[in-house]
Amino acid sequence: MSYQTDVCIVGAGPGGALLAYLLAKQNVSVILIERHQKIAKAFRGEHLNEEGEAILKKHNLFSKIEKLGMLPMESLEYWENGKLLKKILPDPQVGHLGIHVPQAHSLKVIIEEAKKYPNFTLMTNTKVVDLLINDEKRIYGVQAMCEGKEITIESRLTVGADGRYSTVRQKAGIEVTKRKHGYDLLWARIPAPDGWEPSIKMALIDGYQLSLFTQAMGYVQIGWNIEEGSFPNLRKQPFNTFIEKLIKAFPMLEESVNDSIQSWNDFVLLDVHSNFSEHWGGNGVAFLGDAVHTMTPTGAFGLNSAMKDADCLAQIITPDEINRLDLMQCESERKREIEKLQAIQIEKEKNFATQFVIYS
Ligand SMILES: Cc1cc2nc3c(=O)[nH]c(=O)nc-3n(C[C@H](O)[C@H](O)[C@H](O)COP(=O)(O)OP(=O)(O)OC[C@H]3O[C@@H](n4cnc5c(N)ncnc54)[C@H](O)[C@@H]3O)c2cc1C
């Protein structure tokens with residue numbers, strides 16, 4: 001089976017889905033391909049900062065997502081061994097310290113809006129396995145597997161929005177510089193107890209670094225920093241040590257933790273790394289988001305950066321411009337910002353402990 005489209009976007013994460021919607025609105029024919037059947041994933045970038053919020057508002061998506069549920073954070077707190085050291089409140093002009101938006105909600109709205117345009121097609125359960133490359137080495141689409149069958153999609157532009165392990169990037173032969181940060185993260189999600197306020201809590205407990213993010217729909221997401229590569233060994237030891245420390249520091253969570261975390265299988269491991277590519281496109285292909293600049297979770301920049309990339313690309317892609325796109329316009333502006341953000345992440349990670357200092 002073979003399909004034709006103006007733009008083929010690989011990956012229905014926040015970046016790919018948003019770009020697909022914006023292009024569909026601009027009369028560009030788009031096929032959006034996602035390997036999973038369901039498009040929303042748990043334990044992914046869900047904290048929206050002011051910039052992500054502004055993009056969703058600019059495209060009239062924010063209020064629709066808000067109706068499905070989101071939760072503005074009312075404080076950022078620093079805790080050490082069960083004691084609150086510092087509480088930061090939002091700038092009144094902004095009104096929050098980030099907003100938790102379940103990806104299930106944001107992606108649902110973006111895809112529903114895109115589906116209003118007849119020039120938009122979503123293919124789920126479809127995994128891109130290779131690129132179509134002509135004799136002049138120009139990429140003109142993808143080869144994918146859809147329910148066991150091979151399909152091809154020919155396009156004037158292919159967009160790699162397929163995340164940190166991007167197949168499109170690898171098949172296009174584009175290199176990334178990968179950087180490890182000395183830690184990995186274990187995530188777990190528990191129901192929020194009654195009276196738990198919408199907050200981000202950074203905690204030091206007996207030397208362990210922990211973050212607790214209140215989530216919309218009544219949950220708390222917990223992230224434990226563990227030494228890089230240590231999870232296989234950790235798994236051989238009892239998991240109770242972890243949760244006992246957590247309960248000691250936040251007794252309010254006891255029932256919820258005991259009910260929800262019963263084995264190591266209740267944790268999800270994130271192999272923390274960042275990467276950066278010097279090449280974000282050309283020759284029939286463009287990239288956005290984690291595919292060319294994977295961020296660490298520090299500062300929650302990844303989701304917001306992927307959406308900013310999509311917004312930037314949508315401004316230069318029109319039905320008339322696709323074949324002679326000046327991708328550099330977007331690339332140089334976005335690259336400068338991403339380099340700055342990645343440097344901020346490294347600085348914040350290095351100075352994690354100093355954030356607990358109380359200034360009088
Ligand atoms: C555990 C965790 C927590 C995070 N927390 C935050 C946070 O709070 N705030 C924040 O801003 N960022 C956070 N991030 C980062 C954020 O999730 C990413 O930066 C963001 O999702 C990147 O968006 P994207 O659209 O580029 O790629 P992704 O969201 O990774 O989407 C890529 C999509 O491509 C699909 N795909 C991959 N390969 C193929 C293929 N071959 N064929 C078809 N489809 C394919 C994937 O299934 C996926 O749906 C977190 C990341 C993780 C892993």
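Glu80 stands opposite Lys83 in strand E6, which is a handy place to start looking around this predicted model. The two strands involved, E5 and E6, run antiparallel and are joined by 5 bridges. Together E5 and E6 make a hairpin with 2 residues between them. One residue in that turn, Asn81, has a positive phi of about 45°. Strand E5 also pairs with E14, this time in the parallel sense and over 6 bridges. Here Tyr78 sits opposite Met202 of E14.

Stepping back, these strands belong to an open sheet of 7 strands, with the order E6-E5-E14-E15-E16-E13-E17 and mixed pairing. The edges are taken by E6 (83–88) and E17 (268–270); each has a single partner strand, so one side of each is left without a neighbour in the sheet. On average, neighbouring strands of this sheet are turned by 20° against each other, direction ignored. As for side chains, in a regular strand they alternate between the two faces of the sheet.

Over at the E17 edge, strand E13 (residues 183–191) runs antiparallel to E17, and 3 bridges join them. Leu185 has Leu270 as its bridge partner in E17. A helix packs on the sheet too: H7, residues 240–249, touches strands E5 (75–80), E14 (199–205), E15 (208–215) and E16 (219–227). The direction of H7 makes about 115° with that of E14.

Next comes a pair of helices. H1 (residues 14–25) and H9 (residues 302–316) pack at an angle of about 25°, and their axes are 8 Å apart. With the limit for roughly parallel set at under 35 degrees, H1 and H9 therefore count as roughly parallel to each other. Their crossing is right-handed. On the H1 side, the contact is made by Pro14, Gly15, Leu18, Leu19, Leu22 and Leu23. H9 brings in Leu303, Ala306, Met307, Asp309, Ala310, Leu313 and Ala314. Sorted by class, that contact has 11 nonpolar residues, 1 polar and 1 charged.

That leaves the ligand, and both of these helices turn up again there. Around the ligand are 35 residues, of which Gly11, Gly13, Gly45, Gly289 and Gly302 come nearest. The elements giving two or more residues to this shell are H1, strand E9 (126–133) and H9. H9 supplies the largest share, 4 residues. By class, the shell around the ligand divides into 16 nonpolar, 12 polar and 7 charged residues.

Notes:
Residues are numbered from 1 along each chain as its sequence is written. This is a predicted model: local features need pLDDT of at least 70, side-chain atom pairs count only at pLDDT 80 or more; totals for chains, interfaces and linings use all residues. Two strands pair if DSSP finds at least two bridges between them. Axes are lines fitted to C-alpha atoms, for helices over the stretch in contact, and angles run from 0 to 180 degrees between N-to-C directions. Two residues are in contact if their C-beta atoms, placed from the backbone, lie within 7 Å. Angles under 35 degrees count as roughly parallel, over 145 as roughly antiparallel, 65 to 115 as roughly perpendicular and the rest as oblique. A crossing is left-handed if the near helix is turned anticlockwise from the far one by less than a right angle, and right-handed if clockwise. Ala, Val, Leu, Ile, Met, Phe, Trp, Tyr, Cys and Pro count as nonpolar, Asp, Glu, Lys and Arg as charged, and the others, Gly among them, as polar. A residue is near a molecule or strand if its C-beta atom, placed from the backbone, lies within 6 Å of it.
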